[in-house]
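Let us go through this two-chain model by question and answer. Have the structure open while you read.

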Amino acid sequence: MSTEEKYVAAVYLVVFLVLLAYVFIIALKLQRLERELAELAELAVKEREPAVQRPVRAERGPVEGVWGNREVPPAGTRSGDG
Amino acid sequence: MGAALALIFFYAPLDEDGLNQKIFYIHVPIAITAYACFGWGGWKALRHLWKRDERADLESYVAIHLGVIFGVLTLVTGSIWARYRWGHWWVWSEDQLVLFLVLFLFYCAYFMLRYSLAPGPQRENLSAVYALFGVVLIPVSVLAIRLSERFIHPVAFDRGGPNMAGSQFFTFCVAVAAMLALAAMLYNLELAGKRLDQRLRELREALQ
């Protein structure tokens, strides 16, 4: 390989390597975002589970105790809820 | 990009510069792309200040970031070419080189400014104003080759048009288009990642 060819090869190699490094960094970042998204999805499912159970408890109808035999008022209307 | 490389190595004829002339087909399109990225960053900065476009700040940042990467490539490829042709990695007396370096360092300082401020409207506004100032340097850097008295740097284009054969000019145009397309693709990729990151942060804050 002549000196001239070495210089030309060096230029194209540098460009290729820099762009490859850039794409690699972006790919790593996207992987991190994917992991974060999975964590958030898990967190969202956990947050949603009690919210789904709450109306089920409210639909049980009259309950004994503090409220006697009256209907349990919907969540948020009792004193102290807000 | 593949078509551009095929044209560069199998179609474009060699001139008196020899094989070293193949560097021109990648060095100049990279420099043009760097200018385009800085210009696009300036345009988005103007949109941010003028129209109060919320997305423009991030778009300006990504364009300038990409411009700096292409700026590094311009300096490195130019230095390799200069080492072979002139026998020096860098010539301080050459206006075009020094002005491009000034432009490059100016935009490097953009990141120092941006990350020295807390996220918010103040950071966005100051970054936008700084990016707009940099745009002024772009035509100076491009025209420096005309202002230079020594003319060491080869002149590919003058008032009479391109100083090259038709096939060389065609290859050059394809290389410029390929490099701009590559930059546009990388710009969209990085922007999508940044926006996703921003939305995930908002979602995390909303959930916690």
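The exchange below covers confidence, the interface, helix packing and a few single residues.

Residues are numbered from 1 along each chain as its sequence is written, and chains are lettered from A and ligands numbered from 1 in the order in which they are written. This is a predicted model, in which local features need pLDDT of at least 70, side-chain atom pairs count only at pLDDT 80 or more, and totals for chains, interfaces and linings use all residues.

Reader: What is the mean pLDDT of chain B?
Author: pLDDT is the predictor's confidence in each residue, from 0 to 100. In chain B, 91% of residues reach 70 or more. The model scores ipTM 0.81 and pTM 0.79. The mean pLDDT of chain B is 86.

Reader: Which element gives the most to the side of chain B that touches chain A?
Author: Two residues are in contact if their C-beta atoms, placed from the backbone, lie within 7 Å. On that basis 24 residues of chain B meet 21 residues of chain A. Two or more residues each come from α3 (56-85) and α6 (166-207) of chain B. With 10 residues, the top contributor is α6(B).

Reader: How many nonpolar residues are on the side of chain B that touches chain A?
Author: Ala, Val, Leu, Ile, Met, Phe, Trp, Tyr, Cys and Pro count as nonpolar, Asp, Glu, Lys and Arg as charged, and the others, Gly among them, as polar. That side has 4 polar and 4 charged residues. Its nonpolar count is 16.

Reader: Is A:V18 buried or exposed, or partly exposed?
Author: A residue is buried if 20 or more other C-beta atoms lie within 10 Å of its own, exposed if 12 or fewer, and partly exposed in between, with C-beta atoms placed from the backbone. A:V18 sits in helix α1 (residues 3-58) of chain A. Beyond four places in sequence, A:V18 touches B:I69, B:V72 and B:L73. A:V18 has 17 C-beta neighbours inside 10 Å, so it is partly exposed.

Reader: How are α2(B) and α3(B) oriented?
Author: Helices (H or I, at least four residues) and strands (E, at least two) are DSSP runs, numbered from the N terminus. Axes are lines fitted to C-alpha atoms, for helices over the stretch in contact, and angles run from 0 to 180 degrees between N-to-C directions. Helix α2 (residues 24-51) of chain B and α3(B) pack at about 160°, with axes 7 Å apart. Angles under 35 degrees count as roughly parallel, over 145 as roughly antiparallel, 65 to 115 as roughly perpendicular and the rest as oblique, so α2(B) and α3(B) are roughly antiparallel.

Reader: What is the orientation of α3(B) to α6(B)?
Author: Their axes come within 10 Å and cross at roughly 135°. Residues in the contact include B:L66 and B:F70 of α3(B) and B:L186 and B:L191 of α6(B). By class, the contact has 9 nonpolar, no polar and 4 charged residues. The crossing angle makes α3(B) oblique to α6(B).

Reader: Which residue between α2 and α3 of chain B has a positive phi although it is not a glycine?
Author: The place to look is the loop between α2 and α3 of chain B. The residue counts as exposed because it has 10 C-beta neighbours inside 10 Å. Its phi is about 55°. The residue is B:R52.

Reader: Which residues does B:D53 contact, leaving aside its neighbours within four places in sequence?
Author: B:D53 is also in the loop between α2 and α3 of chain B. With 14 other C-beta atoms within 10 Å, B:D53 is partly exposed. Its contacts are B:R47 and B:H48.
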